[in-house]
Amino acid sequence: MEYTLNKEEIDIVRDMLPLAKSLCSGLPAGKRIDKLSDFIMNCGDVAEIDKEMKDEIILVFAIQELAFRKKYNVLTKNYGIMLSSKRLTAIARAITAYGSYDESKRQAKAELIKKLKAKDKIPSRKLYISDMHFFHEKLNQGMDKRGFATLEEMHSYMIRKWNEQVTVKDEVYILGDFSVAKGEDTNSILAQLSGRKYLIRGNHDRYLDDKSFRQEYFEWVKPYAEIRDNNRKVVLSHYPVFCYHGQYKRSGDKPTTYMLYGHVHDTHDEILVNKFIMETRRTQVMSKYDTEPKFIPCQMINCFCMFSDYTPISLDEWIEKDIERRKCIRQND
């Protein structure tokens, strides 16, 4: 048992559900809220709330609080809730009519959130993926041979794999070529994906120049970036960078910089990149800080989406996958 709601707390959750449900109708978050609603409405006076349901309650409170504060851009960024002027008017009326949402209710809700989070805080994670190529139907039979029967099947699978892994708090760094469609179609995909999204622009991301594209779906868009992830530098580029910034940095014998890239998919170019990596790792150099030559810690990782089954994953997970994959490449050479 994680936590047991008493009757008063259940009433608070029940009271908060309607507006959140109306906001999220037809969206992935709406399905999660519908599931919570069914659970809460049928649970009687008390209910044992497991980790999943705790997350859903906090989601409901977050969405509703943002609506009351009229933080519509935050709703769009984090939950994919795109509101028309007609819908905004309806929400404003609902908020006006919601007289019971007073300060005591806010305090009770805050206390409940504090209790729910007490034993199981949800950390945010940095996750990475590249070259998803939404709307690129030719990749099913062409270069990637993804094997989906239809574009709709490919989209459904990739969206599901994303949302099974990514929470609303996670940061997802997309290393280019997210979509080959125009702005409106790309909007429709991003609205369904959880998490805070950052884009390294790829050669196919032309929707960014379409006036209909909603730039707020991304926290930022850059051609290149360097970030920190658990005391490690991470170099982000759509294209592989062979002599990347920080390549020689170590902590003891461990590398402290990783170069994450995309673009080459699983093609002959990736085989050439692998040859460069292996040759670099066999090369010894001696800096002014060394007393003897040391091997160059070349840490270049291809975050191609098919290598992770279309799932954004952490740096540590990519490191493990990269080690295993490059072993297979060497064995097949």
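Here is a walk through the model, with something to select at each stop.

**Before you start**

This is a predicted model, in which local features need pLDDT of at least 70, side-chain atom pairs count only at pLDDT 80 or more, and totals for chains, interfaces and linings use all residues. Residues are numbered from 1 along each chain as its sequence is written, and side-chain values use heavy atoms, with hydrogens and water left out.

**The whole protein**

Show the full trace first. The C-alpha trace spans about 70 × 45 × 30 Å along its principal axes. Colour by secondary structure and you should find ten helices and 14 strands; helices (H or I, at least four residues) and strands (E, at least two) are DSSP runs, numbered from the N terminus. Of the 333 residues, 49% are buried. Here buried means under 20% relative accessible area, exposed over 50%, and partly exposed in between, with a 1.4 Å probe and protein chains only. Take the contacts between residues at least 6 apart in sequence: 69% of them join residues at least 24 apart. A contact means heavy atoms within 4.5 Å.

**The two cores**

Now select Tyr128, Phe178, Leu236 and Leu260. Within the largest nonpolar core, which has 46 residues, these four touch the most other members. A nonpolar core is a set of buried Ala, Val, Leu, Ile, Met, Phe, Trp, Tyr and Cys residues joined through side-chain atoms within 4.5 Å. Add helix 7 (residues 151-165), which supplies the largest share of this core, five residues. Then pick Val13, Ile49, Phe61 and Ile113: they are among the 39 residues of another core that lies apart from the largest one. As a rule of thumb, nonpolar side chains tend to be buried together in soluble globular proteins.

**Helix 1 against helix 2**

Select residues 7-23 and 28-41. These are helix 1 and helix 2, packed at an angle of about 150° with their axes 10 Å apart. Axes are lines fitted to C-alpha atoms, for helices over the stretch in contact, and angles run from 0 to 180 degrees between N-to-C directions. On the helix 1 side, show Ile10, Val13, Arg14, Leu17, Ala20 and Lys21; on the helix 2 side, show Ile33, Asp34, Leu36, Ser37, Ile40 and Met41. The residues of this contact divide into eight nonpolar, one polar and three charged. For this count, Ala, Val, Leu, Ile, Met, Phe, Trp, Tyr, Cys and Pro are nonpolar, Asp, Glu, Lys and Arg are charged, and the others, Gly among them, are polar. The crossing of helix 1 and helix 2 is left-handed, meaning that the near helix is turned anticlockwise from the far one by less than a right angle (clockwise would be right-handed).

**Helix 3 against helix 4**

Next, go to residues 51-68 and 72-79. Helix 3 and helix 4 pack at an angle of about 150°, with axes 8 Å apart. That makes helix 3 roughly antiparallel to helix 4; angles over 145 degrees count as roughly antiparallel, under 35 as roughly parallel, 65 to 115 as roughly perpendicular and the rest as oblique. Show Leu59, Ala62, Ile63, Leu66 and Ala67 of helix 3, which meet Tyr72, Val74, Leu75 and Tyr79 of helix 4. The tally for this contact is nine nonpolar, no polar and no charged. The crossing of helix 3 and helix 4 is left-handed.

**Strand 3 and the loop after it**

Click on Leu127 in strand 3. Leu127 is buried, at 0% relative accessibility. Leaving out residues up to four places away in sequence, Leu127 touches Gln165, Val166, Asp170, Glu171, Val172, Tyr173, Pro312, Ile313 and Ser314. Draw a distance to Lys105: the two are 22 residues apart in sequence, yet 36 Å apart C-alpha to C-alpha.

Move to the loop between strand 3 (126-129) and helix 7, where His133 sits. His133 is not a glycine, but has a positive phi of about 55°. His133 is buried, with a relative accessible area of 2%. Lys145 is in the loop between strand 3 and helix 7, and has a positive phi of about 50° although it is not a glycine. Lys145 is exposed, at 60%.

**Last stop: Asn203**

Finish at Asn203, in the loop between strand 5 (196-200) and strand 6 (218-222). Asn203 is partly exposed, at 31% relative accessibility. Beyond its neighbours within four places in sequence, Asn203 is in contact with Asp177, His238, Tyr239 and His263.
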